[in-house]
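User: I am new to this structure and would like to understand the words used to describe it. Could you take me through them?

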Amino acid sequence: MLETTIAGSLPKPAWLAKPRMLWAPWQLEGEALLEAKRDATLLALKEQEDAGIDIVTDGEQTRQHFVHGFLEQIEGVDFDRRVTMGIRNNRYDAEVPTVTGPLHRKRSVHAFEAATARAHTRHQLKFTLPGPMTIVDTIADDHYGDKIALAMAFAGLLNEEARELAAIGVDVIQFDEPAFNVYMAEVSEWGIAALHRAVEGLPCKTAVHICYGYGIKANIDWKASLGAEWRQYEAIFPALAASRIDQVSVECAGAKVPTELLGLLSGKDVLLGAIDVASEHLETPEEVAATIEQALRFVPAEHIFPCTNCGMAPMDRSLATSKLAALSAGAALAQDRFELHGR
């Protein structure tokens, strides 16, 4: 009970990629880069295990970006035709590749890092993939001409990939959908249907991660404009509660999300964001336990999995490691305080 996990990414070592930035350039190339990615994956696993994290990830050490890391192996996506476009409803600009033809996986995208991680940890293993709606929001389209058709095409490829990851031994496959917090009407109209296509036939647990974004200036500024209460989740949680997704990962620490909204996720596991990745404040175990205590008013303990708010890729590496330890210590404190057994 109160098993801990992380949203997905961890900072990369400075010898692998430039620190504290998204889309960080690699420091190596060729076989040396492949070896370094493997080493960084093993290091990420060890750091999570040492911090007391129960359900670990590969730390997304082999990917420059959580979306583009998948797109790089997709035929029909042209990275030579990059354009600058507004993403997340024009919250900020990003340089993105273009869809120029029918989509097809050239090969398995993430089998290497999933197999590496599975071979080197006895913990439960979670693997993250970008969600269909968020992919569509992070790429230019010069072929399909229809967002829903494009999302369903990507959902089919994600399902192929996810089935291979499950066969490797991944216990949880999580689809990252920050776009769900931006295009709320579309979530019910077609976003969840695309997710259902992506998880079709999977034997493992499935999760969707929804948050207010990485701890970068554009996201921090956006959150400052949202007022005294952040109620975006209220518009999408009922549809998610009715979905076939097993787990929902949400941002709660340092956020203005009304805790009672978690009650709208009845029947789902809640990956409870108890670590703020947009702040350099190091949470105390007491603060983590307090976040868990609030959630216990609305979610049964057996459905709570203390987690980070979002990915930690652009964070200082030593701070990220300390925050993981605080997460684990806070979960243990809550277990003792509220006499929760079975962890």
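Analyst: Happy to help; we will go from the whole chain to its core and then to single residues. Please keep in mind that this is a predicted model.

User: What makes the chain as compact as a globular protein of its length?

Analyst: Start with the make-up of the chain, which has 10 helices and 10 strands. Its radius of gyration is 19 Å, and the globule rule gives 20 Å for 343 residues; the two values are close, so the chain counts as being as compact as a globular protein of that length. The C-alpha trace spans about 55 × 45 × 40 Å along its principal axes.

User: How much of the chain is buried, and what supplies the exposed area?

Analyst: Of the 343 residues, 57% are buried, where buried means under 20% relative accessible area. The chain exposes about 13,300 Å², with 49% of that coming from carbon and sulfur atoms.

User: How do you know how far along the sequence the contacts reach?

Analyst: Take the contacts between residues at least 6 apart in sequence: 76% of them join residues at least 24 apart.

User: And where do the charges sit on average, positive against negative?

Analyst: There are 32 positive and 48 negative charges, and their mean positions are 1 Å apart.

User: What makes a group of residues a nonpolar core?

Analyst: The members must be buried residues of certain nonpolar kinds, joined through side-chain atoms within 4.5 Å. The largest such core here has 103 residues, and Phe154, Ile173, Phe180, Phe237 and Leu240 touch the most other members. Helix H5, residues 147-168, gives the most to this core, with 9 residues. A second, separate core has 6 residues, among them Ile55, Ala207, Leu271 and Cys307. In soluble globular proteins, nonpolar side chains tend to be buried together.

User: Which residues does Phe237 contact beyond its sequence neighbours?

Analyst: Once neighbours within four places are set aside, Phe237 is in contact with Val248, Val250, Leu261, Leu262, Leu264 and Leu265.

User: Why is Phe70 called buried?

Analyst: Phe70 has a relative accessible area of 0%, which is under the 20% cut-off, so it is buried. Phe70 lies in helix H2, residues 68-71. Apart from neighbours within four places in sequence, its contacts are Val109, His110, Leu129, Pro130, Ile135, Leu157, Leu158 and Glu161.

User: Which residues of helix H3 are buried, and what covers them?

Analyst: In H3, residues 111-119, the buried residues are Glu113, Ala114, Thr116, Ala117 and Arg118. Their cover includes helix H1 (30-51), strand E4 (124-130) and H5.

User: Why is Gly8 called buried?

Analyst: Its relative accessible area is 2%, and buried means under 20%, so Gly8 falls in that class. Gly8 belongs to the segment before H1. Not counting residues up to four places away in sequence, Gly8 touches Thr57, Gly59, Glu60 and Thr128.

User: Thr4 is in the segment before H1 too. How do you know whether Thr4 is buried or exposed?

Analyst: Thr4 is at 0% relative accessibility, under the 20% limit, so it counts as buried. The C-alpha atom of Thr4 is separated by 5.3 Å from that of Ile53, 49 residues apart along the chain.

User: Why is Ile220 called partly exposed?

Analyst: Partly exposed covers values between the 20% and 50% limits; at 36%, Ile220 is in that range and therefore takes that name. Ile220 lies in helix H7, residues 217-224. With neighbours within four places left aside, Ile220 is in contact with Gly215 and Ala278.

User: What is the phi of Arg88, and what is the phi of Asn90?

Analyst: Phi of Arg88 is near 55°, a positive value in a residue other than glycine. Asn90 is also a residue other than glycine with a positive phi, near 65°. Arg88 is in the loop between strand E2 (74-87) and strand E3 (92-105), and Asn90 lies in the loop between E2 and E3 as well.

User: Why is Arg88 called buried, and why is Asn90 called exposed?

Analyst: Arg88 is at 5% relative accessibility, under 20%, so it counts as buried. Asn90 is at 59%, over the 50% cut-off, so it counts as exposed.

How values were computed:
Residues are numbered from 1 along each chain as its sequence is written. This is a predicted model: local features need pLDDT of at least 70, side-chain atom pairs count only at pLDDT 80 or more; totals for chains, interfaces and linings use all residues. Side-chain values use heavy atoms; hydrogens and water are left out. Helices (H or I, at least four residues) and strands (E, at least two) are DSSP runs, numbered from the N terminus. The radius of gyration is taken over C-alpha atoms; the globule rule is 2.2 Å times the number of residues to the power 0.38. Buried means under 20% relative accessible area, exposed over 50%, partly exposed in between (1.4 Å probe, protein chains only). Contact means heavy atoms within 4.5 Å. Accessible areas come from the Shrake-Rupley method with a 1.4 Å probe; for residues, only the protein chains shown count as cover. Lys and Arg count as positive and Asp and Glu as negative; His and the chain ends are not counted. The place of a charge is taken as NZ of Lys, CZ of Arg, CG of Asp or CD of Glu.
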